[in-house]
Amino acid sequence: MDQTHYRSCNLCEAMCGLQIEVKNGTIQNFKGDILDQFSRGHICPKGPELKSLYEDPDRIKFPIKRTNSGWEKVSWVEALSDIAKQIVDLQTKYGNDVVAIYNGNPNVHNYGSMLYGQRFTSRIKTKNNFSATSVDQLPHQLLSYLMFGHQLLVPIPDIDRTTYFLILGGNPFASNGSLMTVPDVKKRLKAIQDRGGKYVVIDPRKTETAEHANEHIFIKPGTDVFFLLSLLNVIFEKKRNKPNSLVNEEDLNSIQRLTNEFHPSVVSKITGIPMDTIERIAMEFVNASSAVCYGRVGVSTQEFGALCQWLINVINIVTGNLDKEGGAMFTLPAVDLVGEGSTMRSSPGSFNTYQSRVRKLPEFNDELPVSALAEEILTDGEGQIRVLATSAGNPVLSTPNGSKLEKALSQLDLMISFDFYLNETTKHAHYILPPTSTLEHDHYDLIFNVFAVRNTSRYNQPLFQPEEGMLHDWEIFSDLTKRIELVRSGKELPSELIRTKLTPASIIDHALKSGPYGSKHNTEIQMSLELLKNSPHGIDLGPLKKSFPERLYTKDKKIQLFPTLLQNDIPRLKTKFNEHLNSGHSNFPYLLIGRRHLRNNNSWMHNLPKLMTGKPRCTMMVHPDDASLLGISNHEEVIVESKVGKLRIPVEITDELMKGVVSIPHGFGHNRSGTNQKVATQFSGVSINDLTDDQSIDEFSGNAAFSGIQVKILKISD
C-alpha cells in the first residue's frame with residue numbers, strides 16, 4: 001500500500017517539513033515539504049536519515065541489564081521494578097540527593113520525554129539535576145530571566161525583515177539556527193543581501209556562514225565581551241543610543257560609565273579587531289533601518305558568557321532594535337510556555353537559590369552546572385552522588401573533562417540510561433531502557449516554536465507502529481515514576497506494566513485549545529490538535545509581533561537593563577581586562593575552539609551512515625603560519641595537550657582560522673571500548689572534551705567555558 005506521510009524533522013532545531021513516500025511499509029523517498037510555509041521545501045542531509053535511525057541494527061529496542069557475563073535482555077516489569085526498589089533503598093539510606101539526573105539535548109526534540117521526564121525528575125526530589133543547558137545556552141536563558149522576567153523570553157532575530165545582522169560565535173549554515181529556529185537559513189540570509197542589507201560574522205574561524213557573509217572579522221577567542229563593550233562605547237560616545245520608556249535611566253547611565261573604560265583603541269589590542277573596524281561596525285549597526293545582534297554557543301561557552309549575552313541584549317535595546325520588526329523579537333507560540341495563565345506555563349526561572357556541594361556553583365532553574373557532575377560523584381561525604389539516570393545524552397563526549405566523568409561513572413552504585421544506543425556513556429549503566437524512535441511516535445515541538453523566527457504550529461503523527469513490547473519514553477518514565485511512589489508507600493508492585501490514560505497528545509490538545517490561538521482567544525483559527533491533524537503541512541501563524549510591555553514578566557513591567565546580580569561580576573571582568581593587556585608568554589600558546597558540521601548534531605548522529613560520508617571531519621584545523629612554525633604538514637598526526645589531558649589527531653592546514661587558534665569538532669571520540677555503534681566506531685576520531693577543563697567555567701552563571709581552552713601542540717618524533 002502506497003502512502004505519503006508529512007511531518008517535520010526533529011533531528012535539529014529547524015523543524016523542516018518532510019514529505020515521506022512509503023510503499024509496502026518501506027520508506028522509498030524523502031523530500032522537503034514544499035507546502036510547509038515555514039521551511040518552504042528546504043531539507044538538509046539529516047532529514048532522510050530518520051530512515052537510517054529507524055532501521056539501525058544497533059538500536060536497542062527492549063531493556064537490557066549489565067551482568068558479569070555481559071548485557072542481558074530483561075522484561076520491562078523486571079527492570080523497572082528493580083530500579084524503583086534500588087532508588088528508594090538508596091535514597092532512604094543516604095537521602096534524596098544521592099540520585100542525580102542528566103538530560104541530554106535530544107530530550108527537547110521529543111515532547112513525550114520532556115513532559116513525563118520532568119514529572120519523573122520532580123518525583124525523585126533531588127537537587128542534583130544536570131543537563132546539556134550548562135554546556136550551551138544557559139547564559140541566554142539566565143539573562144532572559146534576569147532582564148525580562150522569564151527564562152524563555154529569549155530574543156529571536158527577525159531574520160526575514162532585518163537589514164543588518166551581526167552574528168557572533170554562531171554558524172547558522174551548520175546549525176540551521178540554534179536559539180533561532182530557522183529552516184532554509186541560506187536563502188533567508190541571502191535575502192537580507194538581496195534587499196540591500198548586510199550580514200557580518202565575528203568569529204575566530206571563517207565558518208560556512210562567514211564564507212557567504214558580506215564581511216567576516218576574526219576575533220581572538222574569549223574576548224567577545226570586550227568587543228561588545230567597545231561597540232557600546234562608540235554608540236554612547238556618538239550619542240546614538242535611543243530613548244526607551246521601559247528602561248531605567250540610572251541603569252543606562254551606569255552602563256555608559258562602564259563602557260567608558262573600553263575604548264576601541266584599547267580593546268583592539270585584545271581582540272585583534274582594528275579600532276576603525278570596531279567603530280565602523282558600531283555605526284553601520286545604528287545607521288541601519290533595522291538591525292539585530294545575535295550571539296550563540298561560541299559566545300555563551302566563554303568565561304564571560306553571561307556578560308556577553310547581557311551586552312548583546314543591551315546593544316539591541318539601546319539602539320531601538322528590541323521588540324521591533326527587523327530587530328530582536330519574541331514569539332507567541334500556539335502552546336505558550338511563557339504567558340501568565342497559560343495551562344503549560346513553564347517556570348520563569350530561578351538562580352543561585354542553592355549551590356553544588358563541592359564547589360558551591362549556582363543552580364539555574366533547579367539545575368546545577370554539569371561541570372560539577374564528576375566531582376559530585378567522586379568526592380566522598382554527605383550528599384555524594386551514588387545513582388545517576390541519564391536521558392538521551394552522552395556526557396562522556398559532550399561535557400568538559402570527559403575522561404574524569406568516565407572515571408566517575410564507573411564507581412556508581414546504580415546507573416540507568418533512557419537511551420536506545422550502547423554508547424560511551426550508557427555502557428556504564430546497569431540498565432538501559434530504550435524508547436521508540438522518531439518515526440514510531442507522535443511529536444509536537446514545544447521548545448523550538450518558542451525560538452522560531454516565525455510563529456507556526458505543526459503536529460507529527462507516527463509513521464510506523466513500534467514492535468510489540470516496545471515502549472515510548474513517556475510510557476517508561478510514567479511507569480517508573482509510579483513504581484517508585486508505590487515502593488515509597490510500602491505497596492506491592494504490579495506484575496504487569498502500569499499504563500496511564502493521560503497521553504502527551506491529550507495534554508497538548510488542552511494547551512492548544514486554551515492557548516493564544518484557541519477558540520477563547522482567536523475565533524478565526526480555533527487551534528486544536530484535531531485542526532493540526534487535518535493540516536499535515538502545518539499552520540502558519542504569521543510573523544513575530546511587538547509584545548512589550550504586555551509580555552514582560554518583571555515585577556515593574558520594565559526591562560532590567562543592568563541586573564543587580566550581574567553588577568557583581570564587573571570587578572572580575574575588569575581584572576581579566578587588565579590581565580589581557582599585560583599577558584605574556586604561556587606554556588599553552590594556542591587557543592582551542594570547537595566546531596560542528598551540518599551533517600552532525602553532537603555525537604548522536606554519528607551512527608547514521610550517510611551522515612558520515614565525505615572527507616574525514618575529526619581533524620585539528622591549524623593556520624598555515626602556525627603549521628610552518630611547528631614544522632607540521634597537512635594530515636600529519638600531532639599531540640595536542642591541555643592542562644587536563646592530551647590526544648593524537650591529524651592536522652588540517654587552512655586559512656579558515658585566525659593565527660594562534662586551533663579547532664577540533666565536537667562529539668567524536670568513539671574509540672572507547674564496550675560500545676555498540678558500528679558506524680560511529682569506523683569514524684571514531686577523538687573527543688575534544690578530553691582536553692576541555694571542568695574547572696573552567698563562567699563563574700557568574702556556572703556555564704562551561706570551553707571556547708578558547710589553552711593548549712600546546714607537539715610534533716610526533718619519527
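Is Arg386 buried, partly exposed or exposed, and at what relative accessibility? Arg386 counts as partly exposed, at 23% relative accessibility. Keep in mind that this is a predicted model. Let's start with the charged pair that Arg386 belongs to and work outward from there.

**Salt bridges**

Arg386 pairs up with Asp413 in a salt bridge, and their closest N and O atoms are 3.9 Å apart. Arg386 sits in the loop between α14 (373–378) and β16 (387–391), while Asp413 sits in the loop between α16 (402–409) and β17 (414–418), so the bridge ties together parts that are 27 residues apart in sequence. Asp413 is partly exposed as well, with 37% relative accessibility.

That pair has company: the structure holds 41 salt bridges. In general, side chains of opposite charge can pair when their charged atoms come close. Here are three of the pairs, Arg386 and Asp413 included.

| Pair | N to O distance |
|---|---|
| Lys198 and Glu284 | 3.1 Å |
| Arg551 and Asp336 | 2.6 Å |
| Arg386 and Asp413 | 3.9 Å |

Take Arg551 and Asp336, whose closest N and O atoms lie 2.6 Å apart. This pair links distant parts of the chain, 215 residues apart: Arg551 is in the loop between β22 (539–543) and α20 (564–567), and Asp336 is in the loop between β13 (328–329) and β14 (351–355). Both Arg551 and Asp336 are buried.

Next come Lys198 and Glu284, with a salt bridge of 3.1 Å from N to O. Their bridge also links distant parts of the chain, from Lys198 in strand β10 (residues 198–202) to Glu284 in helix α11 (residues 275–287), 86 residues apart. Which of the two is buried and which is partly exposed? Lys198 has a relative accessible area of 18%, so it counts as buried, whereas Glu284 has 21% and is therefore partly exposed. The cut-off for buried is under 20%. These two don't act as a lone pair, either: a network of salt bridges links Lys198, Glu215, Arg280 and Glu284.

**Helix α2 and its surroundings**

Now for helix α2, which covers residues 76–94. With 19 residues, α2 reaches 27 Å from its first C-alpha to its last, close to the 27 Å expected at 1.5 Å a residue. Just after α2 comes Gly95, with a positive phi of about 105°.

Plenty of names turn up among the buried residues of α2, including Trp76, Ala79, Leu80, Ile83, Ala84, Ile87, Val88 and Gln91. What do the buried residues of α2 pack against? Their partners are β6 (99–103), α3 (111–124), β16, β17, β18 (431–433) and α17 (473–488).

Strand β18 deserves a second look, as Tyr431 is found there. Tyr431 counts as buried, at 1% relative accessibility. Leaving aside neighbours within four places in sequence, Tyr431 is in contact with several residues, among them Ala79, Asp82, Ile83 and Gln86, along with Met415, Ile416 and Ser417. Ala79 and Ile83 are also among the buried residues of α2. Ala389 is 42 residues away from Tyr431 along the chain, and their C-alpha atoms are separated by 9.7 Å.

**A barrel of strands**

Further along the chain there's a closed barrel of six strands, in the order β23-β27-β24-β26-β25-β28, with mixed pairing. Neighbouring strands of this sheet are turned by 45° against each other on average, direction ignored.

You can follow the mixed pairing strand by strand. Strands β23 (residues 590–593) and β27 (residues 661–663) run parallel, joined by three bridges, with Leu591 having Val661 as its bridge partner in β27. Strands β24 (residues 620–622) and β26 (residues 646–653) are parallel too, again with three bridges, and Met620 stands opposite Val651 there. Strand β25 (residues 637–641), on the other hand, pairs with β26 in the antiparallel sense over five bridges. In that pairing Val640 stands opposite Leu647, and a hairpin of four residues joins β25 to β26.

**Cysteines without partners**

How many disulfides are there? The count comes to zero. Take Cys16: its closest cysteine sulfur, in Cys12, is 6.1 Å away, which is too far for a bond. Cys308 has its closest cysteine sulfur in Cys293, 9.8 Å away, so that one is too far for a bond as well. Cys16 is buried at 6% relative accessibility, and Cys308 is buried with a relative accessible area of 0%.

Technical notes. Residues are numbered from 1 along each chain as its sequence is written. This is a predicted model: local features need pLDDT of at least 70, side-chain atom pairs count only at pLDDT 80 or more; totals for chains, interfaces and linings use all residues. Side-chain values use heavy atoms; hydrogens and water are left out. A salt bridge is a side-chain nitrogen of Lys or Arg within 4 Å of a carboxyl oxygen of Asp or Glu. Helices (H or I, at least four residues) and strands (E, at least two) are DSSP runs, numbered from the N terminus. Buried means under 20% relative accessible area, exposed over 50%, partly exposed in between (1.4 Å probe, protein chains only). The expected span of a helix is 1.5 Å times one less than its number of residues. Contact means heavy atoms within 4.5 Å. Two strands pair if DSSP finds at least two bridges between them. Axes are lines fitted to C-alpha atoms, for helices over the stretch in contact, and angles run from 0 to 180 degrees between N-to-C directions. A disulfide is a pair of cysteine sulfur atoms within 2.5 Å.
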